[in-house]
Amino acid sequence: MEEDPNYLSLKNLEYSMPRSRASSVGNVAVDEEAKWLSWAETQFSTIAGEDRQIDLDEFKRAIGVKESFFAERFFAQFDADGSGYISLDELLDGLHLLTKGDPVDKLRFLFKVYDVDGNGFVDRDELGTVLKSCMEESALKLDDNQLDELSSALFEAADTDGSGTISFEELKEELEKNPEVLENLTISAASWLRPPTKRKGQKSLLPRYLTWRYIHNNSRKLIFFLVYFFVNTTLFVKRTHDILKEHKDDSVGSPWCLAIARGCGQCLNFNSSFILVLMLRKSLTYIRATKLAEYLPVDQNISFHKMVGYILAVFSLVHTIAHVGYAHSISSEKLTAIEILLTNPNATTLGLGIVAGSAYITGWSLVVVLTVMVLCSLPIVRRSGHFQLFYFTHMFYVIFWTLLILHGPKFWYWFTIPGLIFLVEKISQTKWVKLARYGKTYVEDVELLPSGVTHLIVTRPPSFRFKPGDYIFIQIPEIATYEWHPFTISSAPEQQGKISMHIRSDGNWTTRLYSFFEEKQKEQEEEHMRLHCNNFEEHKIVIDKIDDQEDTERPTGSVGNHKHAFENHNDEEHSFAPLHEPENSDSSYMMDADETEPLRSIACQTTWNPRASQRKSPCVRDHKIQVFIDGPYGTPTRAIFQAEHAVLIGAGIGVTPFASILQSVMHRFKASKRTCPSCQHSWLDSIPEDLMCLKKVDFIWINRHQKCFEWFVSLLTQLEMEQAETPFENVLELHMYMTSALGKTDMKGIGLQMALDILHRKGKKDMITGLKTRTQPGRPDWNQVLFTKIANERKGKVQVFFCGSPSLSKVVKSACEKFRFHFHKENF
């Protein structure tokens with residue numbers, strides 16, 4: 001049978017290649033080249049199918065896109081003979097160019113992709129098409145004016161001869177101005193189609209948990225765990241030894257089963273009380289303010305709580321099995337094991353239970369209660385939209401501890417002190433105590449932000465004190481009568497009167513919250529529209545009369561302000577007061593303060609009010625929504641003011657605690673600002689160490705989408721303006737990352753990123769966020785760039801504070817271990 005000619009050409013590729021390609025291959029290791037050729041053949045067979053040719057649709061499916069300018073341009077470059085299909089030889093030629101070719105050849109490939117009409121030059125329209133495609137691939141949304149501005153910036157920078165087109169040499173010269181861009185391009189050109197490579201990491205002989213880096217960065221947690229393990233071991237061994245010694249002469253039954261059961265029972269006494277200690281939030285918040293916080297891992301209280309819960313389940317299982325074994329060993333024809341365990345608990349003389357004869361009944365009840373609590377606490381239940389199931393089954397702790405007091409004759413020794421503290425905390429959390437302490441609190445304002453985020457502002461009682469980064473539990477009866485949920489406070493403690501929170505819709509309750517205010521907003525908007533339409537003519541008549549009266553008193557040529565305001569407003573898209581308006585809105589539409597009361601009420605309903613912070617949103621203006629607050633409770637971020645160099649890392653809505661912290665940091669620096677009355681020179685006075693030790697703050701915010709930056713962009717803009725003042729120079733540094741944006745290492749993103757760089761250098765303003773700080777595409781390079789730069793600044797001991805997803809937390813924590821940065825993670 002005759003072999004496929006395409007297969008023969010692949011088989012003898014090293015001999016049939018052009019010389020330029022053969023010499024390049026000669027410089028590559030033989031085994032690497034063999035793997036590459038094998039991969040290319042496999043990919044071709046997978047994509048091409050039986051006809052051994054790749055058409056445009058197959059090519060698009062192979063690279064994982066449905067519609068793409070770049071896919072079509074790549075296909076055109078691979079299809080050297082213009083047949084509309086890519087053969088095996090064409091694929092190999094293109095792949096070799098992109099993976100192992102000369103940088104200049106790759107630049108020429110890029111230029112051909114940009115040169116859509118193939119005339120050897122890139123004009124403005126072609127560059128605009130390329131940048132628009134780059135923008136779509138990066139999930140960026142810019143208007144036509146911004147796109148034109150980007151195209152003009154890149155075109156003017158590259159078109160050095162002013163010919164109105166960009167030649168290959170001009171594009172090459174522009175890229176060579178920035179060597180790392182040229183280097184990145186040589187990688188990005190093959191980013192879609194180069195063979196996959198496996199990263200060869202150096203495997204450590206020791207597990208990560210036994211490495212010196214891990215031990216050094218987690219010393220408090222490890223010491224605490226060792227002490228906990230030692231206490232459990234001591235309790236088990238001592239109790240087991242005592243029972244074996246006491247029952248060594250028993251002729252009936254297995255003393256080992258009884259000893260193991262009693263040993264596990266003693267550990268259950270300790271752990272059933274200790275699991276409560278880990279959730280004494282008010283006590284832990286108090287400990288954070290003392291020296292004990294330096295020795296106790298209070299940041300990991302929830303992690304230890306979960307761990308102790310699982311250990312409780314294990315001890316309970318062994319305890320139950322051991323008692324079943326002992327019952328079987330003392331059973332007889334007159335008294336079976338089933339009778340001992342279920343029907344006749346008084347038959348034994350073990351002295352179990354604080355109430356005579358109740359041990360086995362309460363024991364089986366405890367097994368059922370604990371099983372339900374553990375199963376409903378698993379992550380698969382909590383994160384699958386069944387938080388209420390977790391919440392209400394966790395309320396079984398009252399039944400659990402009641403049964404334990406009845407079951408274990410000495411459990412109350414262990415439980416008394418933690419139980420009393422817990423009871424006091426619970427009483428302090430009741431609505432009656434909160435009303436007596438804080439009075440009634442209401443929703444003051446609401447702003448619905450992109451990506452389902454609710455900016456909720458509630459009343460701040462005068463006696464409410466909190467630290468930056470603290471969180472509170474809130475309950476809104478109109479959303480859910482019995483549910484309390486924790487949220488970080490995003491406003492600074494220095495701001496009086498109101499408490500703000502940014503709540504992302506990520507569950508039943510938070511989604512209901514967003515939908516509730518969204519519906520309220522729609523109802524209010526419809527009501528405003530109805531009133532506006534019904535009273536339009538009446539309002540206009542009133543304003544016309546006032547303007548006519550003012551015209552008789554105003555010099556000739558003067559314009560009636562109110563009529564002008566009304567007409568201008570009538571042309572606006574929104575004829576109702578929105579949820580929240582920019583603080584820098586045009587104030588020309590505002591009514592004068594000395595006008596008549598009826599006119600002021602009309603203006604309130606029909607004008608764009610820039611003083612959004614001074615009035616309530618439509619959805620809460622006419623309806624008081626009561627909210628109960630419980631807290632505040634401390635978090636790991638309380639340690640930030642004792643750090644010398646703090647690195648704050650927020651991923652998505654994880655930025656919330658750092659919003660409060662950044663505001664508080666700038667408040668404290670501003671409070672230390674001093675100005676010479678003679679020369680007006682400003683400087684920062686020394687701040688007491690008990691108030692703050694910070695010398696430098698690096699804030700890193702990572703978002704997937706462009707709209708997410710809108711949550712706090714106004715705050716960050718204000719911080720940048722304050723940072724620009726001389727005394728605050730280099731105190732705060734912002735680092736913004738957008739993970740959906742393609743960087744300079746991707747051919748689909750290099751043109752857009754070059755244009756954004758040029759515009760940022762010209763105007764000192766980022767087009768994505770509007771900040772002075774340039775938003776970087778992709779994810780941070782923690783090891784090679786970011787943390788290396790921070791470590792080299794030598795501003796003092798670096799402490800990293802993180803709030804975000806668990807997967808990113810592991811990455812950041814691993815990088816911190818390499819640089820010996822102390823790592824703090826926000827937990828709920």
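Helix α34 is followed by Arg-820, whose phi is positive, near 60 degrees. Arg-820 is not a glycine. Its place is in the loop between α34 and β14. Helices (H or I, at least four residues) and strands (E, at least two) are DSSP runs, numbered from the N terminus. The model is predicted: local features need pLDDT of at least 70, side-chain atom pairs count only at pLDDT 80 or more, and totals for chains, interfaces and linings use all residues. Residues are numbered from 1 along each chain as its sequence is written, and side-chain values use heavy atoms, with hydrogens and water left out.

Helix α34 covers residues 806-819 and has 14 residues. From first to last C-alpha, α34 reaches 20 Å, close to the expected 20 Å. The expected span is 1.5 Å times one less than the number of residues. Several residues of α34 are buried, among them Leu-808, Val-812, Ala-815 and Cys-816. The charged-residue names Lys-813 and Glu-817 also appear among the buried positions. Buried means under 20% relative accessible area, exposed over 50%, and partly exposed in between (1.4 Å probe, protein chains only).

A second positive phi, of about 50 degrees, occurs at Arg-794, again not a glycine. Arg-794 lies in the loop between α33 (782-793) and β13 (798-803). Arg-794 counts as exposed because its relative accessibility is 71%.

Strands β13 and β14 belong to an open sheet of 6 strands, in the order β12-β11-β10-β7-β13-β14, with parallel pairing. Its edge strands are β12 (775-777) and β14 (822-825), each pairing on one side only. Two strands pair if DSSP finds at least two bridges between them. Neighbouring strands of this sheet are turned by 20 degrees against each other on average, direction ignored. Helix α31 (residues 713-723) packs on the sheet and touches β10 and β11 (732-738). Contact means heavy atoms within 4.5 Å. The direction of α31 makes about 145 degrees with that of β11. Axes are lines fitted to C-alpha atoms, for helices over the stretch in contact, and angles run from 0 to 180 degrees between N-to-C directions. Within the sheet, 7 bridges join β7 (residues 645-651) to β10 (residues 696-703). Ile-649 stands opposite Ile-700 in β10.

An open sheet of 3 strands has the order β1-β2-β5 and antiparallel pairing. Strands β1 (443-449) and β5 form its edges. The average turn between neighbouring strands is 15 degrees here, direction ignored. Strand β1 is joined to β2 (residues 453-459) by 6 bridges. Leu-449 has Val-453 in β2 as its bridge partner.

Ser-491 is found in the loop between β4 (485-488) and β5 (498-504). Ser-491 counts as buried because its relative accessibility is 3%. A polar atom of its side chain lies 3.2 Å from the backbone nitrogen of Ser-500. Leaving aside neighbours within four places in sequence, Ser-491 is in contact with residues including Phe-466, Ser-500, Ser-660 and Gln-663.

A cis peptide bond joins Gly-631 and Pro-632, with omega about 5 degrees. Pro-632 lies in strand β6 (residues 628-633).

The unreviewed UniProt entry places the feature "transmembrane region" at spans including 259-280 and 387-405. UniProt positions are given in the numbering used here, feature names are shortened, and annotations may be inferred rather than shown by experiment. Residues 259-280 are 86% helix and 0% strand, with end C-alpha atoms 33 Å apart. Residues 387-405 are 89% helix and 0% strand, and their end C-alpha atoms lie 29 Å apart.

Terms used
Polar contact = N/O pair within 3.5 Å; in protein donor to acceptor, adjacent residues only side chain to side chain.
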